[in-house]
Amino acid sequence: MMEKYDYLKEKLKKSMTINGVVQKRYYHSLEVAKKALELNERLNLGLNPDKVYLAGLLHDAAKLKSDEYLWSIIEKDFPNDLDKFKNSKPIWHSLAGPFVVKNEYQIDDEEILSAICYHSTGKVNMSTLDKVLFVADYIEDTRSKDYTKEAISASFVSLDKAVKIILIQKVDFLEKSGKIICELTLDALKYYLGNGEEC
């Protein structure tokens with residue numbers, strides 16, 4: 001069904017090949033696209049399958065870019081939030097992702113770009129596509145089942161429930177690891193815990 005996007009797969013694969021070796025991130029991207037489609041169908045979400053697939057396939061398009069390049073994009077796209085993001089390097093590829101996807105893959109659909117931008121952090125009041133990518137990225141089949149099994153189980157019942165579990169686990173992991181927790185993630189967790197969302 002998605003063979004029409006094989007040219008994008010090949011382009012992504014090339015960008016994720018270093019010294020002739022295809023990086024694991026490429027295969028992760030394929031698995032996220034597959035899992036996102038699966039969630040859309042299983043939960044009868046009614047999302048456009050093309051948007052779901054493209055968001056999954058290209059969500060990490062900026063992952064292997066240099067920190068300097070990613071930060072230069074963030075400086076342009078989030079000029080008022082630099083203090084919020086400067087110490088959160090693990091999410092820079094997400095924030096810079098929309099720029100890379102627009103300019104290197106010619107995808108300018110705002111729903112796809114939003115899902116890519118917030119797939120690592122989550123955010124307040126996510127769209128359904130935002131949630132699908134957020135969950136698919138966390139539970140795709142190559143991830144360790146030790147920490148994803150609760151979210152996987154939830155994903156068979158409720159997308160929102162899976163989102164809440166993942167947010168809780170992300171914050172818990174970062175706190176225990178002594179790592180910086182992005183404000184976007186904390187705000188998202190408060191939102192889904194406190195506003196009566198059916199999670």
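Select Cys117 to begin the tour: setting aside neighbours within four places in sequence, Cys117 is in contact with Phe78, Ser94, Leu95 and Pro98. The structure on display is a predicted model.

**Stop 1: Cys117 and its surroundings**

Keep Cys117 selected and display the helix that holds this residue, helix H7. Cys117 is buried, because its relative accessible area is 6%. Next, add Pro98 to the selection. Pro98 and Cys117 stand 19 residues apart in sequence, and their C-alpha atoms are 6.1 Å apart in space.

**Stop 2: Asn103 and Gln106**

Move to Asn103, which belongs to helix H6. With a relative accessibility of 45%, Asn103 counts as partly exposed. Show its side chain together with the backbone of Phe99: the side chain of Asn103 reaches the backbone oxygen of Phe99 at 2.8 Å.

Continue along the chain to Gln106, in the loop that lies between helix H6 (92–105) and helix H7 (110–117). What is the sign of phi at Gln106? Phi is positive there, at about 55°, although Gln106 is not a glycine. In general, most residues other than glycine have a negative phi. Gln106 counts as exposed, since its relative accessibility is 55%.

**Stop 3: Asn19**

A second residue with a positive phi may be selected now. Asn19 is not a glycine, and its phi is near 50°. Asn19 is placed in the loop between strand E1 (17–18) and strand E2 (21–22). A relative accessibility of 79% is why Asn19 counts as exposed.

**Stop 4: helices H2 and H3**

Select residues 24–42, helix H2, and residues 49–58, helix H3. The axes of H2 and H3 come within 7 Å and cross at roughly 150°. This angle makes H2 roughly antiparallel to H3, because angles over 145 degrees are classed in that way. The crossing of H2 and H3 is right-handed.

To see the contact itself, display these side chains on H2: Ser29, Leu30, Val32, Ala33, Ala36, Leu37 and Asn40. On H3, the partners are Pro49, Val52, Tyr53, Gly56 and Leu57. Colouring by class shows 9 nonpolar and 3 polar residues in the contact of H2 with H3, and no charged residues.

**Stop 5: Asp60**

Follow the chain past H3 and select Asp60, in the loop between H3 and helix H4 (67–77). Is Asp60 buried or exposed? Asp60 is buried, because its relative accessible area is 1%. Apart from residues up to four places away in sequence, Asp60 touches Met16, Arg25, His28, Ser29, His93 and His119. Among them, His119 deserves separate display: a polar contact of 3.2 Å joins its side chain to that of Asp60. Ser29 has appeared before on this tour, as one of the H2 residues in the contact with H3.

**Stop 6: Gln169**

Turn now to Gln169, which is placed in helix H10 (residues 159–177). Gln169 counts as buried, because its relative accessible area is 19% and the cut-off for that class is under 20%. Which residues does Gln169 touch, not counting those up to four places away in sequence? They are Tyr138, Tyr147 and Glu150. With Glu150 there is also a polar contact between side chains, at 3.4 Å.

**Stop 7: helices H10 and H11**

Keep H10 on display and add H11. The axes of H10 and H11 are 10 Å apart, and the two helices pack at an angle of about 135°. H10 and H11 are therefore oblique to each other. H10 passes H11 in a left-handed crossing.

The H10 side of the contact is made by Val163, Lys164, Leu167, Ile168 and Val171. The H11 side is made by Thr185, Leu186, Ala188, Leu189, Tyr192 and Leu193. By class, the contact of H10 with H11 holds 9 nonpolar residues, 1 polar residue and 1 charged residue.

**Stop 8: Leu193**

End with Leu193, which is placed in helix H11 (residues 183–194). Leu193 touches Lys164 and Ile168, not counting residues up to four places away in sequence. Finally, mark the C-alpha atoms of Leu193 and Ile165: these residues are 28 residues apart along the chain, and the two atoms are separated by 10.0 Å.

How values were computed: Residues numbered from 1 in each chain as written. Predicted model: local features only at pLDDT ≥ 70, side-chain atom pairs only at ≥ 80, totals over all residues. Heavy atoms only, no water. Helix = DSSP H or I, 4+ residues; strand = E, 2+ residues; numbered from the N terminus. Buried < 20%, exposed > 50% of the residue type's maximum accessible area, 1.4 Å probe, protein only. Axes fitted to C-alpha atoms, helices over the stretch in contact; angles between N-to-C directions. Parallel < 35°, antiparallel > 145°, perpendicular 65-115°, else oblique. Left-handed = near helix turned anticlockwise from the far one by under 90°. Contact = heavy atoms within 4.5 Å. Nonpolar A, V, L, I, M, F, W, Y, C, P; charged D, E, K, R; others polar. Polar contact = N/O pair within 3.5 Å; in protein donor to acceptor, adjacent residues only side chain to side chain.
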